[in-house]
Each structure stands twice: as C-alpha cells, then as structure tokens.
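Here is a short, friendly briefing to read alongside your viewer. Keep the sequence and the 3D view side by side as you go through the bullets.

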Amino acid sequence: MKKIKLALLTVALAGSSMAAMAQDKAALIKQFIDIQRPGIESLARGLVEQSSAPIAQAGSQYLQTQVPEAKREAAAKAADAELKKYFDETYPIVRDKAIQLAPGALTPLLEQNFNEDELKQLLAWINSPLSKKYQDLNPKMQTALTEKLVSDTRASVEPKMRALDTAVAKALGAPTDGATQGSAPAKAPAKAPAKK
C-alpha cells in the first residue's frame, strides 16, 4: 500500500511539474509575442501600403499622361487625400487583426522549435542593449545598402524599365511615343503616409 501511495505521489508530482513547465513555456512564448508587437504592427502597415501601391502607381502614370499640367497639382493632392483616407481606415483593421492572429499563428512554431531554455535565451537577447542597438541600426543599414544598390544598378536597370514600358504599351495597344510613355520621371500623386 505504501508503494502504491509513493507511486501515485510521484506521478502527481511529475504531472504538476510538467504542467508548470508547460505554463512557464507558454508564458515565455506570450512574452516573446508581446515583444514582437511593433514588428507585427509594421508588417500590417507594410501590407496596407503594398495593397495601395499599384493604385498609386497607376494614378501617377495617369496623372503624367492624361491630366493637363495645369490640373496635376490639384489632382495629385486629391489622390493623396484618398490614399491617406484608405490607409487611415484600413491600417487599424489590419493591425488589430494581425495582433489578434499572432498568438495562434506563432505559438505552435515557437513551441515546436524552441525549448524553455532557448526561449529564455532568446528573450534575454531581444531585451539586451546589444540587440536594441542592432535593431536601431538595422534600418540605417538597409537604407545604406538600398541607396548603394540603386545607385550602382540604375544605369543597367533604367533602360530595361523603359524597354518594358514600351513593350507593355505595345502589347496593350497604347501609344509608345516618348511623350506619353515613361519618358518623364513619374511624380507619384499619392503615397501612403511615412512609416513611423
């Protein structure tokens, strides 16, 4: 009888220990996801901006080719206002949904790929001064590389873009003379608000 009680006590202790470990891991995962909230919001912002980019681009092309020059500034301001209205209405919807969906989407991946000790290390790294310094520098590094890449490839890419513009115009049966197809740099009539 004593052995049975000892076995039951061992099983109960092991079960409560495993439940505590699962709760600890779940708490670590929740903490990780909470820390990722700015990135999740940034993802939502990017998706909303991307969704309106083709419309802004088409509007810019139309503005340059179809709107009389005297009316372009007013038309660009009106288009900017509409794009901003879209962003201001749509971003909160997408942001809130992304925040709502993140735990369900990310928790299984984190549970499968990290043990409790690894999650603790990951959280320690994310909260470290070195990580924060890296996160602050990362956008500047991306900008520096992007600027250099654009500068160094512009001469090779721009002729290809002009050829593509002409080829697409021909495929659509649109005029291909320089006055109507991409000869002047397109001034975007509208764009999404700058990232904060």
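The chain contains 5 helices and 0 strands, and its pattern along the sequence reads α-α-α-α-α. Please bear in mind that this is a predicted model. Of the 196 residues, 18% count as buried. Among contacts with a separation of 6 or more, 81% come from residues that are 24 or more positions apart.

**Helix 2**

- Helix 2 covers residues 37-66, and its 30 residues should span 44 Å at 1.5 Å a residue.
- The end C-alpha atoms of helix 2 are 43 Å apart, which agrees with that expectation.
- Helix 2 still has a kink of about 35 degrees, which lies at Ala53, shortly before the proline Pro54.
- Which residues of helix 2 are buried? They are Ile40, Ala44, Arg45, Gly46, Val48, Glu49, Ser52, Ala56, Ser60 and Leu63.
- The buried residues of helix 2 include the charged residues Arg45 and Glu49.

**Helix 3 and its link to helix 2**

- Lys84 is found in helix 3, which runs over residues 69-113.
- Is Lys84 buried, partly exposed or exposed? Lys84 counts as partly exposed because its relative accessibility is 43%, and the partly exposed class lies between 20% and 50%.
- Lys84 and Ser52 are 32 residues apart along the chain, and their C-alpha atoms are separated by 9.9 Å. Ser52 is one of the buried residues of helix 2.

**Helix 4**

- Helix 4 takes in residues 116-126, and Glu118 is part of it.
- With 35% relative accessibility, Glu118 counts as partly exposed.
- A separation of 10.0 Å is found between the C-alpha atoms of Glu118 and Leu28, which are 90 residues apart along the chain.
- Trp125 also belongs to helix 4, and its relative accessibility of 39% is why Trp125 counts as partly exposed.
- Setting aside neighbours within four places in sequence, Trp125 is in contact with Leu130 and Ser131. Both of these partners fall within helix 5, whose residues are 129-172.

**Helix 5**

- How does the span of helix 5 compare with that of a straight helix of 44 residues? A straight helix would span 64 Å at 1.5 Å a residue, whereas helix 5 spans only 55 Å between its end C-alpha atoms.
- Helix 5 has a kink of about 65 degrees, centred on Arg154.
- Just after helix 5 comes Gly173, which takes a positive phi of about 80 degrees.

**The second largest pocket**

- The second largest pocket has a volume of about 230 Å³.
- Its lining is made up of Ile35, Gln36, Pro38, Gly39, Ile126, Lys132, Gln135, Asp136 and Pro139.
- Helix 2 and helix 5 are the elements that give two or more residues to this lining. Helix 5 supplies the largest share, 4 residues.
- By class, the lining of the second largest pocket has 4 nonpolar, 3 polar and 2 charged residues.
- The charged residues in the lining are Lys132 and Asp136.

How values were computed. Residues are numbered from 1 along each chain as its sequence is written. This is a predicted model: local features need pLDDT of at least 70, side-chain atom pairs count only at pLDDT 80 or more; totals for chains, interfaces and linings use all residues. Side-chain values use heavy atoms; hydrogens and water are left out. The expected span of a helix is 1.5 Å times one less than its number of residues. The bend at a residue is the angle between axes fitted to the seven residues ending there and the seven starting there. On a 1 Å grid over the protein atoms alone, a cavity is a set of points where a 1.4 Å probe fits but cannot get out, and a pocket is an open set with protein on both sides within 12 Å along at least five of seven lines; lining residues have an atom within 4 Å of a point. Grid points are joined across faces, edges and corners, and a volume is the space filled by probe spheres set on the points. Buried means under 20% relative accessible area, exposed over 50%, partly exposed in between (1.4 Å probe, protein chains only). Contact means heavy atoms within 4.5 Å.
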